[in-house]
2 protein chains.
Amino acid sequence: MRNLKMTIQYDGSRYKGWQKQKYGESTIQYKIENILSKMTGENIQVIGCGRTDAGVHAENYIANFHTECELTINTMLDYLYEFLPEDIVVKEMEDVHERFHARYNAKSKTYVYRIDNNKFRDVFTRKYIYHTDEQLNLKEMKKAAEILIGTHDFKSFTNLKSNNKSTIRTLNYINILEKDNIIEMELNANGFLLNMVRIIVGTLLEAGKGKLSTVDIQKILREKKREEYGPIAYSKGLYLKNVQY
Amino acid sequence: MRNLKMTIQYDGSRYKGWQKQKYGESTIQYKIENILSKMTGENIQVIGCGRTDAGVHAENYIANFHTECELTINTMLDYLYEFLPEDIVVKEMEDVHERFHARYNAKSKTYVYRIDNNKFRDVFTRKYIYHTDEQLNLKEMKKAAEILIGTHDFKSFTNLKSNNKSTIRTLNYINILEKDNIIEMELNANGFLLNMVRIIVGTLLEAGKGKLSTVDIQKILREKKREEYGPIAYSKGLYLKNVQY
């Protein structure tokens with residue numbers, strides 16, 4: 001039995017996210033399982049590194065699947081490239097140890113959020129970068145980010161409903177870079193709760209607009225309640241960039 | 001009477017090109033004239049710097065129009081930004097001399113053609129960059145480009161049917177740059193004939209693929225016949241970058 005690891009790039013605009021469990025055919029997982037099952041003649045189950053929200057993109061999403069199929073890696077890559085929709089590309093594939101598990105073995109994940117802060121939107125990136133002409137104060141955003149870095153209970157930063165699961169995560173870093181009014185926020189954590197990246201970004205955007213102070217953000221973190229806090233950022237600016245194993 | 005010069009960015013994917021004369025409502029000119037006419041209450045005629053083919057994009061298209069409207073530049077820019085479709089943005093506007101004419105006064109134009117030469121397409125640029133996995137030989141493309149630079153009769157490089165108009169143009173330069181398998185070809189000429197940029201690019205791509213030699217290209221140029229020669233490159237990779245006055 002082979003265990004194959006895939007690196008996947010996708011434009012999430014048309015999809016309801018990675019996971020098929022709830023949304024079926026309009027998910028990236030469904031599209032890939034469907035083509036892999038046709039290719040192998042088996043009922044392939046793909047294990048993804050995690051969920052991504054509707055509309056979120058991926059530069060290097062990691063997933064794995066088990067198969068008896070004996071085709072070469074290149075043949076499989078070419079098959080997937082030909083039959084997957086044009087907004088999903090399996091860029092790389094490799095045989096890995098039978099125990100490799102894309103979700104359980106992930107040590108941390110890196111997301112990037114892109115913001116166009118010019119007066120007018122750029123027509124060529126309008127579907128892939130969040131545009132706002134409200135001038136963002138990067139210094140305030142960085143101060144706000146500092147508060148969130150480290151190991152915290154992120155209950156105020158998730159829409160996860162369950163009370164039984166731990167909402168403690170370690171946010172390793174948030175880097176905020178700016179060039180020509182294009183802002184990139186890179187976030188790395190050992191795991192992200194439901195909507196957590198977008199809520200953190202939404203909160204930092206409020207800080208950048210002067211609507212939330214560092215004191216407000218400290219309070220939000222301390223109160224451990226999602227209700228009434230920071231808005232959720234639009235998904236079109238968000239990319240799963242890398243997964244660390 | 002004011003004469004206003006506009007710098008326009010557009011994603012040409014949905015349009016049949018700039019000029020409304022033949023294609024009416026699905027042109028960029030129509031969309032802009034329509035909004036300007038609503039804004040001013042006048043029947044505005046926009047003078048563009050030239051035609052662009054269906055599907056071709058623009059980073060800095062130049063156009064001008066005359067009006068009695070007394071609104072400020074910023075008010076007009078905001079109005080256009082709000083009411084134009086999201087794939088057309090008037091980035092800048094300025095009052096210019098009454099005799100300024102976007103087409104007649106243009107001394108030269110610069111176009112850029114972008115090619116993704118990686119094995120697999122990039123999902124985020126798939127609508128804006130032409131992808132080919134056939135390995136392109138840049139040295140051969142540059143040698144072919146050298147032949148076309150200068151003042152020539154470009155009759156073999158246009159689909160213009162008229163026999164009465166001059167097909168002599170001066171191609172000032174073709175720069176071919178490559179980074180991470182993304183190739184940019186920048187072309188500057190005192191004017192481009194119908195489809196000329198795309199036919200030149202299509203011809204250079206054939207040279208890059210080893211299908212046309214420098215001898216072939218010299219012959220094509222010399223014969224001054226469009227029939228049977230170089231294919232026309234896909235429009236989605238082409239951008240009008242700048243106009244020089």
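**Group meeting talk: a predicted two-chain model**

Let me begin inside chain B, where B:Leu36 sits in helix α2, the stretch of residues 28-40. Please keep in mind throughout that this is a predicted model. B:Leu36 has a relative accessible area of 0%, so it is buried. Which residues surround it? Setting aside neighbours within four places in sequence, B:Leu36 is in contact with B:Met6, B:Ile44, B:Val46, B:Phe65 and B:Leu80. I would add one distance: B:Leu36 and B:Leu84 are 48 residues apart along the chain, and their C-alpha atoms are separated by 9.6 Å.

With that residue as a starting point, allow me to turn to the whole assembly. How are chain A and chain B related? A rotation of 180°, with 0.0 Å of shift along its axis, places chain A on chain B with an RMSD of 0.0 Å. The two copies are therefore related as by a two-fold rotation axis. If you wish to find that axis from chain A, look for A:Thr125, whose C-alpha is the nearest to it in that chain, at 4.6 Å. The interface tells us something further: 100% of the interface residues of chain A are interface residues in chain B as well, so the copies meet through the same surface.

Next, the overall form of one chain. Chain A contains six helices and ten strands. Along the principal axes, its C-alpha atoms fill a box of roughly 60 × 45 × 25 Å. What radius of gyration would a compact globule of 245 residues have? The value would be near 18 Å, and chain A, with 19 Å, agrees with it.

How much of chain A is buried? Buried residues account for 54% of its 245 residues. The contacts show how the sequence is brought together: of those in chain A with a separation of 6 or more, 71% are between residues 24 or more positions apart. As for the surface, the accessible area of chain A is about 11700 Å², and 46% of this belongs to carbon and sulfur atoms. Chain A also carries 37 positive and 32 negative charges, and the mean positions of these two groups are 6 Å apart.

I shall now return to single residues, beginning with strand β10. In chain A, this strand covers residues 238-244 and includes A:Val243. Is A:Val243 buried or exposed? Its relative accessibility is 13%, and since the cut-off for buried is under 20%, A:Val243 counts as buried. Leaving aside neighbours within four places, A:Val243 is in contact with A:Cys49, A:Asn60, A:Ile62, A:Ala106, A:Ser108 and A:Lys109. A:Val243 also lies 9.1 Å from A:Ala102, C-alpha to C-alpha, with their positions 141 residues apart in sequence.

In chain B, strand β10 likewise covers residues 238-244, and B:Leu238 belongs to it. B:Leu238 counts as buried, because its relative accessibility is 3%. Beyond residues up to four places away in sequence, it touches B:Val56, B:His57, B:Tyr111, B:Val112, B:Tyr113, B:Val197 and B:Arg198. B:Leu238 and B:Asp216 are 22 residues apart in sequence, and their C-alpha atoms are 24 Å apart in space.

Finally, let us consider the loops. A:Gly191 is located in chain A between β9 (182-189) and α5 (196-208). This glycine is buried, with a relative accessible area of 10%. Its contacts, apart from neighbours within four places in sequence, are A:Arg169 and A:Met196. A:Gly191 and A:Thr110 are 81 residues apart in sequence, while their C-alpha atoms are 9.3 Å apart.

Two loop residues of chain B deserve a mention for their backbone angles. B:Asn181, in the loop between β8 (168-179) and β9 (182-189), has a phi near 65°, a positive value in a residue other than glycine. B:Asn181 counts as partly exposed, at 31% relative accessibility. B:Lys224 lies in the loop between α6 (214-223) and β10. What is its phi? The angle is positive, about 55°, although B:Lys224 is not a glycine. With a relative accessible area of 37%, B:Lys224 is partly exposed.

To close, I would leave you with two points. The two copies are related as by a two-fold rotation axis, and they meet through the same surface. Thank you for your attention.

Notes:
Residues are numbered from 1 along each chain as its sequence is written. Chains are lettered from A and ligands numbered from 1 in the order in which they are written. This is a predicted model: local features need pLDDT of at least 70, side-chain atom pairs count only at pLDDT 80 or more; totals for chains, interfaces and linings use all residues. Side-chain values use heavy atoms; hydrogens and water are left out. Copies are superposed by least squares on the C-alpha atoms of residues with pLDDT of at least 70 in both. Contact means heavy atoms within 4.5 Å. Helices (H or I, at least four residues) and strands (E, at least two) are DSSP runs, numbered from the N terminus. The radius of gyration is taken over C-alpha atoms; the globule rule is 2.2 Å times the number of residues to the power 0.38. Buried means under 20% relative accessible area, exposed over 50%, partly exposed in between (1.4 Å probe, protein chains only). Accessible areas come from the Shrake-Rupley method with a 1.4 Å probe; for residues, only the protein chains shown count as cover. Lys and Arg count as positive and Asp and Glu as negative; His and the chain ends are not counted. The place of a charge is taken as NZ of Lys, CZ of Arg, CG of Asp or CD of Glu.
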